[in-house]
Amino acid sequence: MKLADTLYKLYSKDNGKQLVHTGALGWLFSSLAQVWVVATDKNISKREKKFLVPQEICDGATNVTLYYTISQLIKKGGDLLVDKGYLTTDDVVKAIETLSGDKSSLQNGINAIKDSCTFSTNAAKKEFTAKPINYILENFSKLDVYKNLPADKQIAVKEAIESAVPKFAGFKNGIGVIAAIGASILACNLITPVVRNKMAGMYQQKYILSQDEKSKSSYNPQPVPKTFQVFNMSSGMRI
């Protein structure tokens, strides 16, 4: 139950994160299964396994690393666009306008809210200004701009923000899912295969060169007897 509760808290409001993590785990387990199949296949010789097993490990590490890195970066990019207000909903825009009194743009409204607040230290001001939109919405009652409003205005602001918060959370969750799906398509079908094939080619070339070096080092030809050398030089015959 504790594990289920932890997973629920971690992923219930961020399904995009769940898709990224489960996708990476899927790549990991499939790669481990592929390595196990190659390592235990009796129809593959030991000499072939010395090449195939490391190659499968290299492929698996490439798949997992690239998938997770690319998906996580794109997912974070989508979250950042929402947190900064570049992607948002009409309810959030109206709520910020109601709180700030600025209707020119969402960013101007956010800046108006931040500029209207007083802070005891620069550290406190820096901490607040670095917070995303959802922080403003969830902590609006602590803001100076809200406290200075008349009672009737406070009621209108509270209603607007309480209506916008769940819609904003759902919108951000949806953007995260879209970003995660798009990132997985990009990683699985375009970037990962190209990088994986290039790395596999490099590993194969390195393996071939190492085998050539072993062959050269193990090759020890016997010297031709002097009698054959003299005979060959004097008669011109080929041995």
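In this predicted model, Asp5 has a relative accessibility of 37% and therefore counts as partly exposed. Its partner is Lys9, and the two side chains form a salt bridge with an N to O distance of 3.4 Å. Both residues belong to helix H1, which spans residues 2-11, and they are set four residues apart, or about one turn of that helix. Lys9, with a relative accessibility of 63%, counts as exposed, since the threshold for that class is over 50%.

The pair formed by Asp79 and Lys75 has a similarly local setting in sequence, for these residues are four apart in helix H3 (residues 46-83) and are thus separated by about one helical turn. Their side chains meet in a salt bridge at 2.6 Å, N to O. Lys75 has a relative accessibility of 3% and so counts as buried, and Asp79, with a relative accessible area of 12%, is buried as well; both values fall in the buried class because its limit is under 20%.

A salt bridge between distant parts of the chain is made by Lys172 and Asp83, whose side chains meet at 2.9 Å, N to O. Lys172 lies in helix H9 and Asp83 in helix H3, with their positions 89 residues apart in the chain. Of these two, Asp83 is buried, at a relative accessible area of 16%, whereas Lys172, at 24%, is partly exposed. Elsewhere, salt bridges with shared partners connect Asp14, Lys75 and Asp79 in one network. The number of salt bridges in the model comes to five.

Attention then turns to the nonpolar side chains. In soluble globular proteins, such side chains tend to be buried together. The largest nonpolar core of the model comprises 20 residues, and those with the most contacts inside this core are Ile96, Leu99 and Leu137. At least two core residues are supplied by each of helix H4 (90-100), helix H5 (106-115), helix H7 (133-138), helix H8 (144-147) and helix H9 (151-218). H9 provides the largest share, namely five residues. When neighbours within four places in sequence are left aside, Leu137 is in contact with Val92, Ala95, Ile96, Ile161, Val165 and Phe168. Apart from the largest core lies another one, made up of five residues, among them Ala24, Leu66, Ile70 and Ala187.

Definitions and conventions:
Residues numbered from 1 in each chain as written. Predicted model: local features only at pLDDT ≥ 70, side-chain atom pairs only at ≥ 80, totals over all residues. Heavy atoms only, no water. Core = buried A, V, L, I, M, F, W, Y, C linked by side-chain atoms within 4.5 Å. Buried < 20%, exposed > 50% of the residue type's maximum accessible area, 1.4 Å probe, protein only. Contact = heavy atoms within 4.5 Å. Salt bridge = Lys/Arg side-chain N within 4 Å of Asp/Glu carboxyl O.
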